[in-house]
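Trainee: Please choose one part of this chain and take me through it closely, atom pair by atom pair where that helps, and then place it in the rest of the fold.

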Amino acid sequence: MPWQRRAWDPVTEFQELWDQMGRLFEQGTETDVTAWRPMAETEETPDAYVVRAELPGLKREDINVEVNDSELCVSGEINEEETGKVLRRRTGRFVYRTILPTDADTEHIGGELADGILTLRVPKTEKGRARRIEIKG
């Protein structure tokens, strides 16, 4: 037989549908449904929020980082010729959006791109930082 029949796997099919729906909701008002979302993680430290996104092969000038009110948006486009038949990367437009907490200092966000990882550091305002309260008595 030149082709092999694949058994229907409803769990895998449901998971793929669930993932696609999640991407649509995460894009919010983004009208370009062909955009993909890079792998990203967030971390809270005592004095800042840190966002790391995997963007292999990109240069600083290919990435756009914006803050609008409390929304952080990382976007850009990867145009890469298809070479080889084994290793493939996503290409096209990408968008990552997240809502920053109310104690984020959006005026002093810093970013660094190293080894395909974009790291954004969003400091907390003085009001949002934890502090020790001395108990008297």
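Mentor: Leaving out residues up to four places away in sequence, Y49 touches E43, E44, P101, D103, A104, L120, R121, V122 and K124, where a contact means heavy atoms within 4.5 Å. The model is a predicted one, in which local features need pLDDT of at least 70 and side-chain atom pairs count only at pLDDT 80 or more, whereas totals for chains, interfaces and linings use all residues. Residues are numbered from 1 along each chain as its sequence is written, and side-chain values use heavy atoms, with hydrogens and water left out.

Y49 itself belongs to strand β2, helices (H or I, at least four residues) and strands (E, at least two) being DSSP runs numbered from the N terminus. Y49 counts as buried because its relative accessibility is 12%; buried stands for under 20% relative accessible area, exposed for over 50%, and partly exposed for what lies in between (1.4 Å probe, protein chains only). The side chain of Y49 makes a polar contact of 2.6 Å with the side chain of D103; such a contact is a pair of N or O atoms within 3.5 Å in which, within protein, one must be able to donate a hydrogen and the other to accept it, residues adjacent in sequence counting only if both atoms are side-chain atoms. The C-alpha atoms of Y49 and A104 are separated by 7.6 Å, although these two residues are 55 apart along the chain.

From A104, the next residue to look at is D105, which is placed in the loop between β5 (92-99) and β6 (110-114). D105 counts as buried because its relative accessibility is 19%, and its side chain makes a polar contact with the side chain of H108 at 2.8 Å. Beyond four places in sequence, D105 touches V122, P123, K124 and T125; V122 and K124 are also among the residues that Y49 touches.

Another partner of Y49 is L120, whose contacts outside its neighbours within four places in sequence are Y49, V50, V51, V65, L72, V74, G110 and G111. L120 is also one of the residues with the most contacts inside the largest nonpolar core, a group of 16 residues in which L55, L58, I63, V74, F94 and L118 share that description. The elements that give two or more residues to this core are β2 (48-54), β4 (71-78), β5 and β7 (117-123). A nonpolar core is here a set of buried Ala, Val, Leu, Ile, Met, Phe, Trp, Tyr and Cys residues joined through side-chain atoms within 4.5 Å.

Charged pairs also involve residues that Y49 touches, among them E43 and R121. The whole structure holds 5 salt bridges, each a side-chain nitrogen of Lys or Arg within 4 Å of a carboxyl oxygen of Asp or Glu. In one of them the side chains of E41 and R52 meet at 3.1 Å, N to O, and this pair links distant parts of the chain, with E41 in strand β1 (residues 40-44) and R52 in strand β2, 11 residues apart. E41 is partly exposed, with a relative accessible area of 43%, as is R52, with 27%. R52 also meets E43 in a salt bridge of 2.9 Å, N to O, and E43 is partly exposed at 34%.

The side chains of R121 and D47 form a further salt bridge, at 2.8 Å, N to O. That pair joins distant parts of the chain as well, since R121 lies in strand β7 and D47 in the loop between β1 and β2, 74 residues apart. R121 counts as partly exposed at 37% relative accessibility, and D47 likewise at 31%. Through shared partners, salt bridges join E41, E43 and R52 into one network.

To place this part in the chain as a whole, there are 1 helix and 7 strands, following the pattern α-β-β-β-β-β-β-β along the sequence. Of the 137 residues in the chain, 23% are buried. Among contacts with a separation of 6 or more, 52% come from residues 24 or more positions apart.
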